[in-house]
Amino acid sequence: MPEILTTSFKSDSTRLFIDSLASDAYYLVVSSIGTFDPADTLYSKNQFLEKILFGKRVNPNDIHYAIKYYPWQVGNTYTEYDDKVDLTGQNFYAVVGPNDNDTGDYRVYKCLRNNNNGVTSNPPNYDAAVINQRYETADGYVWKYMYRLTSLQFEAYAAVGYIPILGLLDSDPVPADKGSISDIVVDNRDDNQGYQVVTGSLIDSADVTGIMNIDPGPGWSPRDDYYSGQFLYSTNPNGVSHIFEVFDYSYEPNTGVATVRVGQELVSGDADPVTAGVTTNASIRIVPKVLIQGDGISTTNPNYTAVGVPNIVDGRIDSVDLLEPGIGYSNAIVTVVDPQFDFDPDDPNSTVVRASLRARISPPGGHGFNIIDELRCRNFSMYAYITADDNTQIGDSNTYGAVGLIRNPNFNIANPVIFDNRIAITTSDIGNVTTNATLTQVNADNDVVFSGFVHEVDVTTNTFYLCEYMGPYRNNSATGQGDVSLDLTLPLRNETGQTITINSPVASNVTMSPYTQRSGEVYFMENFFPLPRTDNSREEFKFVLEY
C-alpha cells in the first residue's frame, strides 16, 4: 500500500533547521588537496574532516528557504493549482523577471488557472492597487502574487535552478483551519450542452423593490417565470456589477418589455435588494444558477455562500467566474441548477447534457498565507564567500578538491569566523621542504608516528604549512588540543631522509589549528576536479540542500 510522507512534514523539517541557526554554528569547509570521492559513510565523513584545509562560518542571514526556479517565459505552459493534484516538482508558479515587468525586480506568482493548458503570452504585472493580488492576463491565465526578490537579492542568493524565499513574510504563521474557494472547474467543458444565456439592458434605474424593467435582446422567452431561480448579472455603464437571483419573470409582448423581480444582492449582502444600485442602460445577462454548498460562508454575509457566474459558449458552460470566494471552506459541492423549462438531461431523447462542476479549495488561510508550505519548500540554501581579507588568514596556494558543510565543530577559541586548519612550522631547515612532499616523524623504534603533506612553503619567513596530517597514529596529548600525533621533540623527515628541525631557531615555532580535529557533524560533501587557489582567489559558494 502507498506510504505518503507529506510536504508539510518536509517543510516543517526545513523550518526546524532554519530555527536551529540561533543556537548552532555551520561552517563551509574546504577539504582535500587532490581528488576525493565522498560517500554517505562514516569512513568517508572522517576522511573529509581529516583533510580540511580551512573553513568559514556561514552567516545565519545568508541561509534561506529555497524553491525551484521556474522563470516565466512566453510560450510556456504552467501547471494550475488543483487541490486534488500533488504539485511537487511541477511548475505551478513562475518568476517574472525585470525584463518582463515594470517593477525592475523578480516577482513570484502562483498559477491559479492556465486557460485549459494554454501557452503564456502575457506576464502578470504587479499593481499595488489590486487588493487581492490576483491577476487575469490576456492569455487567459490567472495568477496570484506571492513575494518578491530584488535584483541584488536574486544575484546574491539564486543558485543554479533555485531561488530563495525572502521578504516580509511569516515563515510559520498561526495555523489556519480552512480556506476559500480558489476556483470552480468545469470537468466536462467540452461535453455539457443545452444552457442558455440571454442579454438585454435596463430601461429605468432599479429601486429597492427588486423590480427591473428590461429591454430584452433576441431569444428571450415569452413564458412567465421561465428564468425564475436563475442568476441575473448586471453591469452598469461605469463598470460596477451586481448579481441577484431571479424570483419572478414576465414578458409583455405588446411593449416588448421583460419584467424581473430579484432578491437580495448575493455578493454585497446588504439588507435591501439593492437593485437601486443598478442604473439605467446597465447591461443585463441571465444565466443558469451555480449552487455552492459547503461548510463556508460569504465574506460579506454569513447567510450566503461563495458566488460564481457561468460563462456560456455555444450552449456549453465553458468556465465559471468566481465573484465571491467565501471563507471557512474545507469542502464544497458545486452544481448547476437545472433550468425549469426545456432542460431534461434524463430524457433519453434529449440532447442536453448537465455540466459537472468542481470546487477547488485554497490552502488554509488562502493563497499566499503560508508560502513555505504552498510552494512545496523542502530546500534551504546557504551562501558563503571568501574575501581578500579572508585570504590573509588561510592558505592561498595549491589546490582543493572538495567542499562541504559541517555543523557545530569544536574549537579552542570562541567560534571563529574563519580558521586555517594547517599546521604552520617555522624552521631554519626550510631548504629541505618542498611543496606537495610528505613529511614524517619516526620514534626510537623507527616506527612512523606522524605524517603530513606540505601544502605551502614560504621561504621569506622560513615557514611551511602541513595539511592532511591526521592518520592512524596515537595522538600526542602535549600537542595542540591533544588531537594530533605531531611530536614537538622529534624532527620531521622528507622523502629522501633529510631532517627538518621543528624547535629551531626558537622553541615556540609551531602554530596549531584552533579546530578540534574530526569534530562537527558533516551535513554535505561535494567533490570536483581540484581547483587552484592564489592570493587573488575570491570564491562564492552556494549550496542548496533538501529534506
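**Questions about a predicted model**

Reader: Hello! In which helix is E50 found?
Author: Welcome! This is a predicted model, and a helix is a friendly place to begin. The helix that holds E50 spans residues 42–50. Its name is α2.

Reader: Is E50 buried or exposed?
Author: Buried means under 20% relative accessible area. The relative accessibility of E50 is 19%, so E50 counts as buried.

Reader: Which residues does E50 touch, not counting residues up to four places away in sequence?
Author: Neighbours up to four places away are set aside here. One of the residues that E50 touches is R518, and the side chains of these two are joined by a polar contact of 2.7 Å. The full list for E50 is E468, M470 and R518.

Reader: Which strands do the buried residues of α2 pack against?
Author: Let's start with the residues themselves: in α2, S44, F48, L49 and E50 are buried. The buried residues of this helix pack against strands from several places in the sequence, among them β1 (26–31) and β31 (521–532). The complete set is β1, β2, β22 and β31.

Reader: In what order do the four strands of the open sheet stand?
Author: Strands of a sheet pair through backbone hydrogen bonds, either parallel or antiparallel. In this open sheet the pairing is antiparallel. Going across it, the order is β8-β3-β21-β32.

Reader: Why is one side of β8 and of β32 left without a neighbour in the sheet?
Author: β8 (162–164) and β32 (540–546) each have a single partner strand, so one side of each has no neighbour in the sheet. As for the angle, neighbouring strands of this sheet are turned by 35 degrees against each other on average, direction ignored. The reason you asked for is that both strands stand at the edges.

Reader: What is the bridge partner of I63 in β21?
Author: Strand β3 covers residues 63–68 and strand β21 covers residues 379–385. These two pair in the antiparallel sense over four bridges. In β21, the partner of I63 is M382.

Reader: Which residue stands opposite A424 in β30?
Author: Strand β24 (residues 423–426) pairs with β27 (residues 463–467) in the antiparallel sense over four bridges, and there I425 has F464 as its bridge partner. β24 also pairs with β30 (residues 510–511), in the antiparallel sense over two bridges. In β30, the residue opposite A424 is T511.

Reader: Is R113 buried or exposed?
Author: R113 is found in strand β5, which runs over residues 106–114. With a relative accessible area of 16%, under the 20% limit, R113 is buried.

Reader: Which residue's side chain is joined to that of R113 by a polar contact of 2.7 Å?
Author: Leaving aside neighbours within four places in sequence, R113 is in contact with E80, G140, Y141, V142, D183 and V320. Toward V320, the R113 side chain reaches the backbone oxygen at 3.4 Å. The side-chain partner at 2.7 Å is D183.

Reader: How many Å apart in space are R113 and N503, C-alpha to C-alpha?
Author: Along the sequence, 390 residues separate R113 and N503. In space, their C-alpha to C-alpha distance is 75 Å.

Reader: About how many Å³ of space lie in the largest cavity?
Author: The structure holds five cavities of 30 Å³ or more. Lining the largest cavity are residues including G194, Y226, P288 and F341. The space in this largest cavity is about 60 Å³.

Conventions
Residues numbered from 1 in each chain as written. Predicted model: local features only at pLDDT ≥ 70, side-chain atom pairs only at ≥ 80, totals over all residues. Heavy atoms only, no water. Buried < 20%, exposed > 50% of the residue type's maximum accessible area, 1.4 Å probe, protein only. Polar contact = N/O pair within 3.5 Å; in protein donor to acceptor, adjacent residues only side chain to side chain. Contact = heavy atoms within 4.5 Å. Pairing = 2+ DSSP bridges. Axes fitted to C-alpha atoms, helices over the stretch in contact; angles between N-to-C directions. 1 Å grid on protein atoms, 1.4 Å probe; cavity = no way out; pocket = protein on both sides within 12 Å on 5 of 7 lines; lining within 4 Å. Points joined across faces, edges and corners; volume = space filled by probe spheres on them.
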